[in-house]
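Please work through the exercises below with the sequence and the coordinates open side by side. Each task is followed by a solution that proceeds step by step.

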Amino acid sequence: WPAPSLGLPEEYSQLFEGDEETRMYFVIWDHQGKVLQKSESAPDVEFPALKVGEDRLPVRSVRLRGLNREVIHVSSFDINLLVGRSIVRDLAAHYRFSLFRLLVGVAVLVAGLLGGWWSTARAVRPIAAMASTAESISAGSLSQRIDVTGTDTELEQLATVLNHTFDRLQAAFEQQTQFTSDASHELRTPLSVILANADLALSRNRTPEEYRASLETCRQAARRMKKLIDELLKLSRFDEDAAELRSVEFDIDELISECVQLVKPLAADRGITIESQLESFSLWGDRERFSQVIVNLLTNAIRYNRDGGSIRIEAALDGQEAVITVADSGIGIAETDLPHIFDRFYRVDKARSRVEGGSGLGLAICRT
């Protein structure tokens, strides 16, 4: 019998009209593959030949044929209904969107590279300036410092640390330079004495007494040189951590009493009395170095004291610490000199100290 014609509501029939790229099409076949009805826009489509299963439930299949996307619906009578549409515009939209995403990605990448380059250049610029300043600092320009203005907090902290390091380096270099100059000066004086006396003795024939006097002067100058060299050697060993400390347990009152007895003849020559107020307790340390410190302090107290003056040495425990005090009734030290009294070769009264035999290293050795 003739197949009935498929009627479509107005709103659906419009879907099968219009532009070829936007309109839809349909084809209906019977179970034998005869076309029952199709839209005017439908192309030639081969019969799908789909059938329902034993459960007689409808079957639906979706496929892509060329540039068309099609849906096939099979009813219980094996009627094949195909509805399709061109995907040309969809593909074009997809390509446009893909191109847009590609362009956006490239733009983001370029912006990221430019932003990263700018940020990196901005971050590296202070580091480069710091490196340039650090490289330019040498023995002849130790006063240069890194400019910390306009740097980030972290870099400012680094620059501040480096500046402090350069401050210490400059101070150490200046101290080393001053130390070398002072050591040369101290050694030059006894050498000049030895050469002068040798030249004087050799300038003409002299009596044995005159030769003996010249030799005695040379010996005193040589002893002064040896003492100075020995003291410099002690300091250099400590500077290089090469000095060996032998820690033993000893009684502090016994050690101080020995030191007092050692310097008493020097004090007696000037009528200086030494008073001791010592608690009895034990210490762990290098007994010889301890003795050297106390003798140096007592010798200074005698050298810079007044005739007929006094010296008081005390030893007491303050909790877990031992406190040893040496005080004298001497000339004292000016406020301006106090920060420098432990500097090597520093003298409060340079002329007087040199006459009395001081090298300016005693307190430096004590501190070391």
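The exercises that follow concern a predicted model, and they go from the whole chain to single strands, rings, cores and side chains.

**Exercise 1. The chain as a whole**

Task: State how many helices and strands the chain has, and what percentage of its residues count as buried.

Solution. The secondary structure comes to eight helices and ten strands. Of the 368 residues of the chain, 26% count as buried. For the contacts, consider those with a separation of 6 or more: residues 24 or more positions apart account for 57% of them.

**Exercise 2. Strand β1 and its partners**

Task: Determine which strands pair with β1, and in which sense.

Solution. Begin with β1 itself, which spans residues 24-29 and is mostly covered, five of its six residues being buried. On turning to β5 (residues 80-86), one finds six bridges that join this strand to β1 in an antiparallel arrangement, and within that pairing V83 is the bridge partner of F26. The next step is β2 (residues 35-38), which also runs antiparallel to β1, here over three bridges, with Q37 of β2 standing opposite I28. Finally, consider the connection: β1 and β2 form a hairpin with five residues between them, and G33 in the turn has a positive phi of about 95 degrees.

**Exercise 3. Aromatic pairs**

Task: Classify the pair F16 and F26 from its ring geometry, and do likewise for W29 and F47.

Solution. A pair of aromatic rings is described by the distance of the centres and the angle of the planes. The structure holds three aromatic pairs, among them the two treated here. For F16 and F26 the ring centres are 5.2 Å apart and the planes stand at 80 degrees, so this pair is edge-to-face. Because F16 lies in the loop between α1 (10-13) and β1 while F26 belongs to strand β1, the pair ties together parts that are ten residues apart in sequence. Both F16 and F26 are buried.

For W29 and F47, the centre-to-centre distance is 5.8 Å and the angle between the planes is 55 degrees, which makes the pair tilted. This pair links distant parts of the chain, with W29 in strand β1 and F47 in the loop between β2 and β3 (59-65), 18 residues apart. As to accessibility, W29 is buried with a relative accessible area of 2%, whereas F47, at 24%, counts as partly exposed.

**Exercise 4. Helix α6 and the nonpolar cores**

Task: Compare the span of α6 with its expected value, and identify which elements each supply at least two residues of the largest nonpolar core.

Solution. Helix α6 (residues 287-303) has 17 residues and reaches 24 Å from its first C-alpha to its last, which is close to the 24 Å expected at 1.5 Å a residue. At the start of α6, a side-chain oxygen of D286 comes to within 3.1 Å of the backbone nitrogen of E288. The buried residues of α6 include I294, V295, L298 and I302.

The largest nonpolar core has 20 residues, of which I252, I256, I294, L298 and I311 touch the most other members. The elements α5 (252-269), α6 and β9 (310-318) each supply at least two residues of this core, and the largest share, seven residues, comes from α5. A second, separate core of nine residues includes Y25, V27, I72 and L82.

**Exercise 5. The surroundings of E70**

Task: Decide whether E70 is buried or exposed, and find which side chains make polar contacts with its side chain.

Solution. E70 is found in strand β4 (residues 68-74). Its relative accessibility is 0%, so E70 counts as buried, the cut-off being under 20%. The side chain of E70 makes a polar contact of 2.8 Å with the side chain of R63, and another, also given as 2.8 Å, with the side chain of R65. Beyond its neighbours within four places in sequence, E70 is in contact with residues including Y25, V45, L82 and V83. The C-alpha atoms of E70 and F26 are separated by 9.1 Å, although these residues are 44 residues apart along the chain.

**Exercise 6. Positive phi outside glycine**

Task: Describe where A49 and D78 lie, and state how far each is exposed.

Solution. A49, which is not a glycine, has a positive phi of about 60 degrees, and this residue lies in the loop between β2 and β3. With a relative accessible area of 45%, A49 is partly exposed. D78 likewise has a positive phi, near 60 degrees, and lies in the loop between β4 and β5. At 12% relative accessibility, D78 counts as buried.

How values were computed. Residues are numbered from 1 along each chain as its sequence is written. This is a predicted model: local features need pLDDT of at least 70, side-chain atom pairs count only at pLDDT 80 or more; totals for chains, interfaces and linings use all residues. Side-chain values use heavy atoms; hydrogens and water are left out. Buried means under 20% relative accessible area, exposed over 50%, partly exposed in between (1.4 Å probe, protein chains only). Helices (H or I, at least four residues) and strands (E, at least two) are DSSP runs, numbered from the N terminus. Two strands pair if DSSP finds at least two bridges between them. Rings of Phe, Tyr and Trp (its six-membered ring) pair if their centres lie within 6.5 Å; planes under 30 degrees apart count as stacked, over 60 as edge-to-face and the rest as tilted. The expected span of a helix is 1.5 Å times one less than its number of residues. A polar contact is a pair of N or O atoms within 3.5 Å; within protein, one must be able to donate a hydrogen and the other to accept it, and residues adjacent in sequence count only if both atoms are side-chain atoms. A nonpolar core is a set of buried Ala, Val, Leu, Ile, Met, Phe, Trp, Tyr and Cys residues joined through side-chain atoms within 4.5 Å. Contact means heavy atoms within 4.5 Å.
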